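Got your viewer open? Load the model, colour it by secondary structure, and follow along one selection at a time.

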Amino acid sequence: MRLGGWVHRRRDLGGIVFIDLRDRAGIVQIAVGPGAPEEVRRVAGQVTSETVVEVEGDVTARPASMKNPDLATGDVEVQATTLTVVGPAATPAIPVARGKGEELAAEELRLKYRHLDLRRPEMQANLILRHRLAQRARRTLSDLGFLEIETPVLTKPTPEGARDYLVPSRVHPGEFYALPQSPQLYKQLLMVAGLDRYFQIARCFRDEDLRNDRQPEFTQIDLEASFVGVEDVIGYVEAVLVALWDEAGQAVARPFPRIAWRDAMERYGTDKPDLRYDFPIADWTAQVKPLGVPFFQSALGNGARVRGLAVKGGGALSRKDVDQLADAAKQLGGAGLAWVKRQGEQVSGSVAKYFTATALGALGVGDGDAGLMTVGLDRVTSPVMDRVRQEVIHRLGGAPKAAHAFCWVVDFPLFEPDPETGRPVFAHHPFTAPHPDDVARLDSDPLGCRALHYDAVYNGSELGSGSIRITDPAVQRRVFAHLGMSPAEAEARFGFLLSGLQAGAPPHGGFAIGFDRVVMALAGAESMRDVIAFPKTTAARALFEGAPAPANPADLAALHIEVKR
């Protein structure tokens with residue numbers, strides 16, 4: 001047998017040298033004993049970690065006492081007859097092989113030396129899974145009659161909710177392309193063109209602040225179909241998601257449950273609820289108001305409410321836990337957090353003197369439970385109680401009701417008020433169709449209009465979103481007007497879309513699945529950076545190559561650009 005790979009570990013036991021040889025298929029043990037040729041024993045005695053070698057030898061069974069059940073090849077070894085160094089290696093800047101309990105190198109170092117970090121079996125397993133999932137998505141959508149069509153990467157700058165990455169044109173001084181935030185407008189034009197089922201595993205770019213589940217460049221499974229409604233698109237997306245989870249060895253059932261946006265915000269404080277756990281948020285205003293709690297009395301009115309969480313087993317929360325929850329509430333702009341605990345008929349806590357065991361029982365706070373509550377307008381209390389609920393789940397959630405909690409969130413608002421001006425801004429993007437029952441209110445009550453929009457949520461994380469699109473150019477112009485665009489501005493920005501819609505547009509809708517988030521969930525990774533080959537840091541830097549970097553002045557001059565420092 002002939003093998004090639006990297007030296008993962010070397011163990012010299014005096015009379016015999018064992019080398020763990022690694023490639024992306026796994027690890028196999030190479031044995032160099034006293035009977036091996038002298039040159040083989042010499043090389044084996046000197047070879048260092050991460051050196052690339054080629055080996056020839058005979059496959060033999062390991063002695064029973066030396067079998068390794070943790071390796072797929074643990075029952076055999078290769079008795080080397082030749083051993084050649086083909087890629088000498090300097091001492092690795094970060095370790096690739098780790099012993100039990102040994103921590104990873106700091107992430108900044110791992111990102112700087114990404115070529116070494118990617119040698120780790122865990123990282124290679126993540127990227128192999130990513131490949132398998134991409135191929136399964138392609139097969140699933142192809143079997144559903146979708147065509148894979150590429151759309152441009154150099155596009156026209158258009159507002160889609162985040163900043164564009166701009167690309168200057170050398171041949172058209174002072175003019176710029178943008179890298180696409182999504183293929184949204186192109187896929188709509190494909191529907192106008194009669195290519196009635198499109199998909200693409202698309203690279204997208206957004207110049208926005210980063211988190212563990214965001215990158216400036218990311219991948220989405222993008223799809224669009226004609227002559228469809230909400231039910232059709234949801235069916236396509238469920239088929240893809242079920243197939244992806246199956247590819248990872250996880251069985252999930254469809255259809256996924258649905259929850260209206262308003263109900264999600266009311267019960268969970270978020271439009272991406274984690275339904276693996278109970279702990280719903282409730283409106284306690286009517287029950288608490290007569291108790292005269294000063295913390296609440298001064299804040300109630302003008303739409304403010306008392307919202308609470310009855311925490312089963314919450315008596316186990318320590319005072320430190322509660323103080324941390326209160327601090328989190330204040331950091332999110334809330335008034336703070338009032339709390340009570342119940343032990344039998346005894347009540348303790350920050351507002352205990354205003355509550356009896358009977359009053360708490362009416363709120364669902366039983367013996368051994370706790371009640372956590374805050375007051376304010378919904379736009380403040382929703383994120384506060386969402387955070388509190390998540391922290392309670394982290395501390396007391398225990399085993400989830402299910403490993404996989406998918407749901408659809410539907411009936412989103414079409415517009416939301418700008419927090420500074422109060423003017424309508426689009427809740428998702430301006431090409432989303434209003435709910436048919438609300439079209440008549442589009443001009444008189446735009447903030448009261450629902451959208452034909454739907455989000456797929458998994459275990460408290462948004463996997464993607466989609467909508468039925470506007471196909472009537474008159475309605476599209478009305479939406480642009482609500483967003484403050486003049487007819488001339490709408491024509492300048494989106495004239496190519498309006499022209500397409502005027503040419504006869506079929507009803508159509510689509511979806512975009514966040515592929516990186518899917519891989520992250522199925523790999524059990526803590527960060528999106530662990531499932532992308534060459535990611536950026538949270539400061540949007542590529543440490544392995546030193547990007548972004550200053551440009552050559554001659555290149556800037558050719559692009560008609562001057563950098564002002």
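Start with an open sheet of eight strands, and keep in mind that this model is predicted. Select the strands in the order S6-S9-S10-S22-S21-S20-S17-S11, and you'll walk across the sheet, whose pairing is mixed. Now look at the two ends of that walk. Strand S6 (147-148) and strand S11 (258-260) are the edge strands, each pairing on one side only.

Next, zoom in on two neighbours inside the sheet. Select residues 406-410 for strand S17 and residues 453-458 for strand S20; this pair is antiparallel, with five bridges. Want one bridge to click on? Pick Trp-408 and look across to S20, where Ala-456 is its bridge partner.

**Stop two: a run of hairpins**

Move to the beginning of the chain and select strand S1 (2-12), strand S2 (17-23) and strand S3 (26-32). S1 and S2 run antiparallel and are joined by six bridges. To see one of them, click on Asp-12, which is matched with Val-17 in S2. The hairpin of S1 and S2 has four residues between the strands, and there Gly-14 takes a positive phi near 90 degrees.

Carry on from S2 to S3. This hairpin has two residues as its link, and seven bridges hold the antiparallel pair S2 and S3 together. Phe-18 is a good residue to select here: its bridge partner in S3 is Ala-31.

Is S2 mostly covered or mostly open? Mostly covered: six of its seven residues are buried. While you have a strand on screen, try showing side chains. In a regular strand they alternate between the two faces of the sheet.

**Stop three: a helix with two sides**

Now select residues 38-46, which make up helix H1, and show the side chains. Which residues of H1 are buried? They're Val-40, Val-43 and Ala-44. Why do they sit on the same side of H1? Because they cover an arc of only 100 degrees around the axis. The general rule is handy here: an α-helix has 3.6 residues a turn, so residues three or four places apart point the same way.

Spin the view to the face of H1 turned away from the buried side, and you'll find the exposed residues Glu-38 and Gln-46. Then ask what covers the buried residues. The cover includes S1, S2 and S3 from your last stop, along with strand S5 (76-87).

**Stop four: a residue in a loop**

Select Ser-350. You'll find this residue in the loop between strand S15 (346-349) and helix H11 (357-362). Ser-350 counts as partly exposed because its relative accessible area is 44%, which falls between the 20% limit for buried and the 50% limit for exposed.

Which residues does Ser-350 touch, leaving out those up to four places away in sequence? Leu-337, Ala-338 and Trp-339. Try the distance tool on Leu-337: it is 13 residues from Ser-350 along the chain, and their C-alpha atoms are 8.9 Å apart.

**Last stop: zoom out**

Show the whole chain again. Its secondary structure comes to 16 helices and 22 strands, and the C-alpha trace spans about 90 × 75 × 55 Å along its principal axes. Of the 565 residues, 46% count as buried. The chain exposes about 27300 Å², with carbon and sulfur atoms supplying 52% of that area.

For a final colouring, pick out the charges: there are 65 positive and 71 negative side chains, and the centres of the two sets lie 3 Å apart.

How values were computed: Residues are numbered from 1 along each chain as its sequence is written. This is a predicted model: local features need pLDDT of at least 70, side-chain atom pairs count only at pLDDT 80 or more; totals for chains, interfaces and linings use all residues. Side-chain values use heavy atoms; hydrogens and water are left out. Buried means under 20% relative accessible area, exposed over 50%, partly exposed in between (1.4 Å probe, protein chains only). Accessible areas come from the Shrake-Rupley method with a 1.4 Å probe; for residues, only the protein chains shown count as cover. Lys and Arg count as positive and Asp and Glu as negative; His and the chain ends are not counted. The place of a charge is taken as NZ of Lys, CZ of Arg, CG of Asp or CD of Glu. The arc is that of the directions from the helix axis to the C-beta atoms. Contact means heavy atoms within 4.5 Å. Two strands pair if DSSP finds at least two bridges between them.
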